[in-house]
Amino acid sequence: MVKQFLYPGFETENFYECPSCSEAITNPICHDCLAKSISKWLDFYPDLKKKLAPRLKKYVQNVNNEASSALNCVACNKKKAALCPYCFTEGIFHLLKRVNINKNVLGEFLVYFNFDPEKQGYIQEAEQEGLY
Ligand SMILES: [Zn+2]
Ligand SMILES: [Zn+2]
């Protein structure tokens with residue numbers, strides 16, 4: 001969703017808010033780039049990668065299909081960043097939990113892909129569960 005705010009005396013600025021959490025997206029990274037880095041990380045865990053691959057693919061496809069508009073990705077520069085990185089990785093976090101992965105591996109995922117620096121979402125959840 002692109003929202004236009006008109007400030008008196010200022011030019012019109014476009015704000016793009018994440019359709020999932022309604023926060024303004026300040027660090028747009030697209031689902032393709034994030035999925036690529038996650039898949040690279042999964043190379044360390046071939047069995048898990050095998051198990052997760054079809055779900056990951058489906059998830060990325062869903063995000064792609066539901067995107068009505070998007071921002072330019074800071075990594076690949078394609079206009080494909082529809083969800084904020086937090087919401088995207090939150091989905092992955094829950095995918096990982098659903099396949100019952102090892103707690104240490106899940107904790108490692110959160111170290112590499114922590115888009116919750118204020119600990120208000122999945123990091124808080126993970127801390128409560130002793131994962132992080
Ligand atoms: Zn979001
Ligand atoms: Zn990208």
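This passage describes the fold, the helix packing and the nonpolar core of a predicted protein model. Residues are numbered from 1 along each chain as its sequence is written, and chains are lettered from A and ligands numbered from 1 in the order in which they are written. In this predicted model, local features need pLDDT of at least 70 and side-chain atom pairs count only at pLDDT 80 or more, whereas totals for chains, interfaces and linings use all residues.

The protein comprises five helices and four strands, taken as DSSP runs (H or I, at least four residues, for helices; E, at least two, for strands) numbered from the N terminus. From the N terminus on, the order of elements is β-β-α-α-β-β-α-α-α.

Of the 132 residues, 27% are buried, that is, have 20 or more other C-beta atoms, placed from the backbone, within 10 Å of their own. The largest nonpolar core (a set of buried Ala, Val, Leu, Ile, Met, Phe, Trp, Tyr and Cys residues joined through C-beta atoms within 7 Å) contains 29 residues, of which Ile 29, Ala 81 and Leu 83 touch the most other members. Helices α1, α2, α3 (85-98), α4 (103-112) and α5 (122-128) each supply at least two residues of this core, and the largest share, five residues, comes from α3.

Contacts are defined by C-beta atoms, placed from the backbone, that lie within 7 Å. Leaving aside residues up to four places away in sequence, Ile 29 touches Leu 34, Cys 73, Val 74, Ala 75, Ala 81 and Pro 85. Among contacts in the protein with a separation of 6 or more, 59% join residues 24 or more positions apart.

Note on methods:
A residue is buried if 20 or more other C-beta atoms lie within 10 Å of its own, exposed if 12 or fewer, and partly exposed in between; C-beta atoms are placed from the backbone. Two residues are in contact if their C-beta atoms, placed from the backbone, lie within 7 Å.
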